[in-house]
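The following exercises concern the structure shown below. Each task is followed by a solution worked in steps.

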Amino acid sequence: MQGENWITGALEELRAAHLERRLTGYSGTGGRIQADGRTLLNFSSNDYLDLARHPRVIEAAAKALQEYGAGATASRLVTGTLPLHDELERRLAALKGYPAALVFGSGYLTNAGVISAVAGTGDLVLADRLAHASLLDAAVLSRARLLRFRHNNPAHLDDLLSRHPARQRLVVTESVFSMDGDLAPLPDIASVVAKHDAMLLVDEAHATGIFGPGGAGLVSEHQLSGFVNLSMGTTSKALGGYGGFVACSEAMRQWLINRARSFIYSTAPAPSAIGAALGALDVIAEQPGLGGELLQRAARFRKHLQDAGLDTLNSASQIVPLRVGENAKALSLSQRLREAGILAVAIRPPTVPAGTARIRFSISLAHAPADLEEAADRIIAAARTEGLA
Ligand SMILES: Cc1ncc(COP(=O)(O)O)c(C=O)c1O
């Protein structure tokens, strides 16, 4: 096609650096999935609580679909606000311990809309060096100046805030880091942010449903809702569906309704997605121990790898990375695992810093404890073949 000659060369460069990504089709979701005629244990799904196929979640999604149809048919500001959206926002605000919440199409859209609504030209966004791409993209979109503080380092954040005044300053971190599985020192970060009278956004995409009382997340566990202006989460991961949200003050919600462009200029989330999220909230309310059970299983799995001398970074969650280093080696280990019946993708730059390619294992309640034991043994054997332990 005219004008596209540059693509072949650009793709070849990616290939040469072992950085080309390709789509692979899978037969479905769940702890065991089929690919290339084989059954694989799935360690690459974010459906941590195994709710994507939970009968209650499916039933709630189907009921919403039947009642309201396939789409919300307009932006929330036009005719897209249905009783379901209001109900989900009330339930999420209550779960998170905030006066209000606002639902977006996805977690990515939440970060894009929220950050660009509260920071703009002349403002400052300070993000943890390992913050998710959606947070960094949002900072760029906002046109504010972006500074990165050292990973999980409140002292460095303090120093940056001392040296960089601005009209408005927004600090951004994850509570559970998506590729490292480690936890942010939220109380220390919150006290630095409060000292400098800045705003704080905590992305709880990987904590919601798992950590904290009733799955409320780490902001709630540390009782920091009075210090975290924007408690962001998704319904796409532990809640098994698709969507994003932020819990905040009433005034902030009203500001976002007026200024968050991904909220204003996009069709409201589909009724089925909202129904699924409501169904998932019912399940975690009725079984508040699910997150704790998941974390215990993950801890056993992680210890198994560590006892064999493997480097799982500072993981303290259901996300367990196995640090490999080189891109080519991470790809080769991922392939070896696949041959051993384990699906765990290689994570390479730019998703993680150069030289820190890894295999990321997502532990899910879809994995029976015996499956996890067996998988850990196979992973250790494959890693040894690659010279990692
Ligand atoms: C930390 C973090 N924030 C936000 C997102 C985006 O969420 P969603 O998948 O709902 O767009 C993700 C998912 O990749 C994530 O890991």
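## Exercise 1. Two partners of one helix

In this predicted model, the axes of α5 and helix α6 (residues 133-142) cross at roughly 35° and come within 8 Å.

**Task.** Determine which residues make the contact of α5 with α6, and how they divide by class.

**Solution.** Step 1: the handedness is established; α5 passes α6 in a right-handed crossing. Step 2: the residues are listed by helix. On the α5 side they are Tyr-108, Asn-111, Ala-112, Ile-115 and Ser-116. On the α6 side they are Ser-134, Leu-135, Asp-137, Ala-138, Ala-139, Leu-141 and Ser-142. Step 3: sorting by class gives 7 nonpolar, 4 polar and 1 charged residues for the contact of α5 with α6.

**Task.** Describe how α5 (residues 107-118) packs with helix α10 (residues 250-259), and which residues meet there.

**Solution.** Step 1: two packed helices are described by the angle between their axes and the distance between the axes. Step 2: for α5 and α10 the angle is about 100° and the axes are 9 Å apart. Step 3: angles of 65 to 115 degrees count as roughly perpendicular, and α5 is therefore roughly perpendicular to α10. Step 4: from α5, Val-114, Ala-117 and Val-118 meet Met-252, Trp-255, Leu-256 and Arg-259 of α10. Step 5: the residues of the contact of α5 with α10 comprise 6 nonpolar, no polar and 1 charged.

## Exercise 2. Length and burial of helices

**Task.** Compare the span of α5 with the expected value, and state how many of its residues are buried.

**Solution.** Step 1: α5 has 12 residues, for which 16 Å is expected at 1.5 Å a residue. Step 2: the distance from its first C-alpha to its last is 17 Å, close to that expectation. Step 3: α5 is mostly covered, with 9 of its 12 residues buried. Among these are Asn-111, Ala-112 and Ile-115, which also take part in the contact with α6. Val-114, Ala-117 and Val-118 are buried too, and they belong to the contact with α10.

**Task.** Repeat the analysis for helix α12 (residues 271-286), and find which elements its buried residues pack against.

**Solution.** Step 1: the 16 residues of α12 should span 22 Å at 1.5 Å a residue; the end C-alpha atoms are 23 Å apart, which agrees. Step 2: 12 of the 16 residues are buried, and α12 is thus mostly covered. The buried residues include Pro-271, Ile-274, Ala-277, Leu-281 and Ile-284. Step 3: the packing partners of the buried residues are α2 (55-68), α4 (83-96), β3 (100-104) and α13 (290-307).

## Exercise 3. Three residues and their surroundings

**Task.** Classify Val-172, Ala-100 and Thr-235 as buried or exposed, and identify what each touches, leaving aside residues up to four places away in sequence.

**Solution.** Step 1: a residue is buried under 20% relative accessible area. Because its value is 1%, Val-172 is buried; Ala-100, at 5%, counts as buried, and Thr-235, also at 5%, is buried.

Step 2: Val-172 lies in strand β6 (residues 169-174). Its contacts include Ile-115, Leu-135 and Leu-201. Ile-115 and Leu-135 both take part in the contact of α5 with α6. Leu-201 is 29 residues from Val-172 along the chain, with a C-alpha separation of 4.9 Å.

Step 3: Ala-100 lies in strand β3 and touches, among others, Ala-93, Val-246 and Arg-253. Ala-100 and Val-246 are 146 residues apart in sequence, yet 8.5 Å apart from C-alpha to C-alpha.

Step 4: Thr-235 is in the loop between β8 (230-234) and β9 (244-248). Its contacts include Gly-240, Phe-245 and Ala-277; Ala-277 is one of the buried residues of α12.

## Exercise 4. Backbone exceptions

**Task.** Locate the residues with a positive phi, His-18 and Asp-197, and the cis peptide bond of Pro-349 and Pro-350.

**Solution.** Step 1: most residues other than glycine have a negative phi, and most peptide bonds are trans. Step 2: His-18 has a positive phi of about 55°. This residue lies in the loop between α1 (5-16) and β1 (32-35) and, at 38% relative accessibility, counts as partly exposed. Step 3: Asp-197 has a positive phi near 55°, in the loop between α8 (186-195) and β7 (199-203). With a relative accessible area of 70%, Asp-197 is exposed. Step 4: the bond joining Pro-349 and Pro-350 is cis, with omega about 5°. Pro-350 is in the loop between β12 (346-347) and β13 (357-362).

Definitions and conventions
Residues are numbered from 1 along each chain as its sequence is written. This is a predicted model: local features need pLDDT of at least 70, side-chain atom pairs count only at pLDDT 80 or more; totals for chains, interfaces and linings use all residues. Side-chain values use heavy atoms; hydrogens and water are left out. Helices (H or I, at least four residues) and strands (E, at least two) are DSSP runs, numbered from the N terminus. The expected span of a helix is 1.5 Å times one less than its number of residues. Buried means under 20% relative accessible area, exposed over 50%, partly exposed in between (1.4 Å probe, protein chains only). Contact means heavy atoms within 4.5 Å. Axes are lines fitted to C-alpha atoms, for helices over the stretch in contact, and angles run from 0 to 180 degrees between N-to-C directions. Angles under 35 degrees count as roughly parallel, over 145 as roughly antiparallel, 65 to 115 as roughly perpendicular and the rest as oblique. Ala, Val, Leu, Ile, Met, Phe, Trp, Tyr, Cys and Pro count as nonpolar, Asp, Glu, Lys and Arg as charged, and the others, Gly among them, as polar. A crossing is left-handed if the near helix is turned anticlockwise from the far one by less than a right angle, and right-handed if clockwise.
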